[in-house]
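Got your viewer open? Load the model below and follow along; each stop says what to select and what you'll find there.

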Amino acid sequence: MSSLLFKALLLVSAPVLLVLTLYFYLVPNAIKDPRRRKLPPGPPGLPFIGNLLDFGDSEGVRDKVTKWHKQYGPIFYTKLGGTDYIWLSSPRTVKDLMDKKSSLYSSRAPFPLAQDTMSAGRRQLFMPYGPRWRSIRKHSHALLNLTTSVSYQPVQDFESKQLLTEFLNDPGNFYMMMRRYSASVIMLVTYGYRIPTWEDPLIKKIYTVLENFTAMTAPGAYAIDSFPSLTFLPERLMGNWKTAGRKAFEHDSRVYMDLWERLKHETNAGTARDCFTKTFYLNGPEKSGIDDLAAAYTCGGLIEAGSETTATTLNNFMLAMTLFGEAQRRAQEELDRVVGDARLPSWEDENELPYVRSLIKEVLRWRPVNKFGMTHATSEDDWYEGYFVPKGAVAVLNWWAIHRDPDLWENPDEFDPSRYLDYTQSAADYINATDPYERDHFAYGAGRRVCPGVHVAERSLFINISRVLWGFNISKKKGPDGKLIEPTQEMVPGFFSVPILFECEITPRSEKHERVMREAFAQAEKDGINF
């Protein structure tokens, strides 16, 4: 009997012991590498999974990483499964590592699901730093640099005028209107196609891709991206990640390849509008070793980067105006004084609207675009301030901790645009500030992987936010009992800081404001987009 029990225990324990042994040899640890005893301090984790459970609830991550910064200092360590995370939580640590040591801190950690399976290795966002990434980044920069971004203003002008009219006609649907605006701008710029309504089949396809992306890329969503060395195990032990990734790839690649092939056909036929993809195709991406699938994902990646990120910030602006009426009133007073009530704000007004500019910066400080921070990875071992930073570690720009640091910001948990009134330059200019403590915020990242679309994004935010504030009053909605409905400040599950759909009251500020907005869009439709 005892012999049978021993054999049964052996059969049960053998696979566990095998996995633990393989984990010990495959995953770096202090026994094999004594330098790891000098890792930065951080919260204790559990055996094998480290701090993975701390990141299971994406809603609570920003509070935890802010608390850990206060507890452990400007650089701290967590372990998610088999992956090291180094959290850079002060402007100086970000500058010292992501900027000054950008050759070491510009790569990406391995993502067996998100990059290798779901993206067939073609998503620029997840590509490791190297010649292939630099080649694709060069093409993206050509689309999004400061000079080129000015040429997109007619697109943003037209789409923002439609947005105002949509607000007048159906204010309760503002949430999706912001998403339509953002997607239409980047689709016109990238492919030459407009998205005139939220019901357009193209936007439905794009947002299905974004939903796949969001669901599969949040830290801890799939164990394999936290334990990349365990890809040899049967996938059923790791959440059937290959099956899920292949299913997402089949859908996403079909969407992007259809767009790429359609644009190629229209270009060859001489009917394609001027746009990034047309120029990209005519320049011959194959000369740079970029195949059709990589080209399709390069163009599709611009849609991913430029649609939900901008829409997220615009909807967070709507949430802020619903919650913080005094900031809204101050911005409207400035707009009334500078612009008046006979025309819409324009880009020429921007320098004369310091409070509106400050309000935009404060939205990005208050709610940066994702819940976790901007992640890079180290391509070599490094030492910093006596701490060991191992090769392959994920270096996180911890913008939540930086933006909520009381040593940097007075009353950091309050929404107060006036804190930025002395910041007269654009966010793009502050990215290159010599003194890291002069930066306005870190929502566009740092180093060689800084957001390439910062110039386009800044223009979209200014023209929409200034015009919405000029034309509308935004306030809390009253319920059936006459009491004000307090909007939730929670975010939808996943990677981005997308606010949960909330109700608010959106009303034109006067009949004259309404007439000006309707007439402006009617004229824009008559004139068309000069792009």
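A quick word on labels before we start: helices and strands here are DSSP runs, numbered from the N terminus, with at least four residues for a helix and at least two for a strand. Keep in mind, too, that this is a predicted model.

**Stop 1: the whole chain.** Colour by domain to begin. Domain 1 covers 1–30 and domain 2 covers 33–527. Taken over C-alpha atoms, the centres of the two domains are 44 Å apart.

**Stop 2: helix H12.** Select residues 292–323, which make up helix H12, and pick out Ile303 within that stretch. Is Ile303 buried or exposed? Its relative accessible area is 0%, and anything under 20% counts as buried, so Ile303 is buried. Now show what surrounds the side chain. Leaving out residues up to four places away in sequence, Ile303 touches Ile186, Met187, Thr190, Tyr191 and Ile206. For a sense of scale, draw a distance from Ile303 to Trp409: these two are 106 residues apart along the chain, and their C-alpha atoms are separated by 34 Å.

Stay on H12 and move along to Thr313, which lies in that helix. Thr313 is buried, with a relative accessible area of 3%. Which residues does Thr313 contact, leaving aside its neighbours within four places in sequence? Select Val363, Leu364, Val369 and Leu461, and you have them.

**Stop 3: the cysteines.** Show the cysteine sulfurs next. How many disulfides does the structure hold? Zero. As a reminder, a disulfide is a covalent bond between the sulfur atoms of two cysteines. The cut-off used here is 2.5 Å between the sulfur atoms.

Try Cys275 as a test case. The closest cysteine sulfur to that of Cys275 is in Cys299, and because the gap is 8.3 Å, it is too far for a bond. Cys275 has a relative accessibility of 6%, so this residue counts as buried.

Then jump to Cys451, in the loop between helix H16 (427–431) and helix H17 (454–471). Cys299 again holds the closest cysteine sulfur, but at 17 Å from the sulfur of Cys451 that is too far for a bond. At 28% relative accessibility, Cys451 counts as partly exposed. Cys451 also carries an annotation: an unreviewed UniProt entry lists this residue under "binding site".

**Stop 4: H7 against H17.** Since you're beside H17, add helix H7 (residues 153–169) to the view. The axes of H7 and H17 come within 10 Å and cross at roughly 35 degrees, and the crossing is right-handed. To see the contact, show sticks for both sides. H7 brings Gln153, Gln156, Asp157, Ser160, Lys161, Leu163, Leu164 and Phe167. From H17 come Val456, Arg459, Ser460, Ile463, Asn464, Arg467 and Val468.

**Stop 5: two backbone oddities.** Last, have a look at some phi angles. Ala120 is not a glycine, yet its phi is positive, at about 50 degrees. You'll find Ala120 in the loop between helix H4 (112–117) and helix H5 (131–144). With a relative accessibility of 22%, Ala120 counts as partly exposed.

The other one to click is Glu385, where phi is near 50 degrees, again a positive value in a residue other than glycine. Look for Glu385 in the loop between strand S4 (382–384) and strand S5 (387–389).

Technical notes:
Residues numbered from 1 in each chain as written. Predicted model: local features only at pLDDT ≥ 70, side-chain atom pairs only at ≥ 80, totals over all residues. Heavy atoms only, no water. Buried < 20%, exposed > 50% of the residue type's maximum accessible area, 1.4 Å probe, protein only. Contact = heavy atoms within 4.5 Å. UniProt positions renumbered as here; feature names shortened; annotations may be inferred. Domains from an automatic or database assignment. Axes fitted to C-alpha atoms, helices over the stretch in contact; angles between N-to-C directions. Left-handed = near helix turned anticlockwise from the far one by under 90°.
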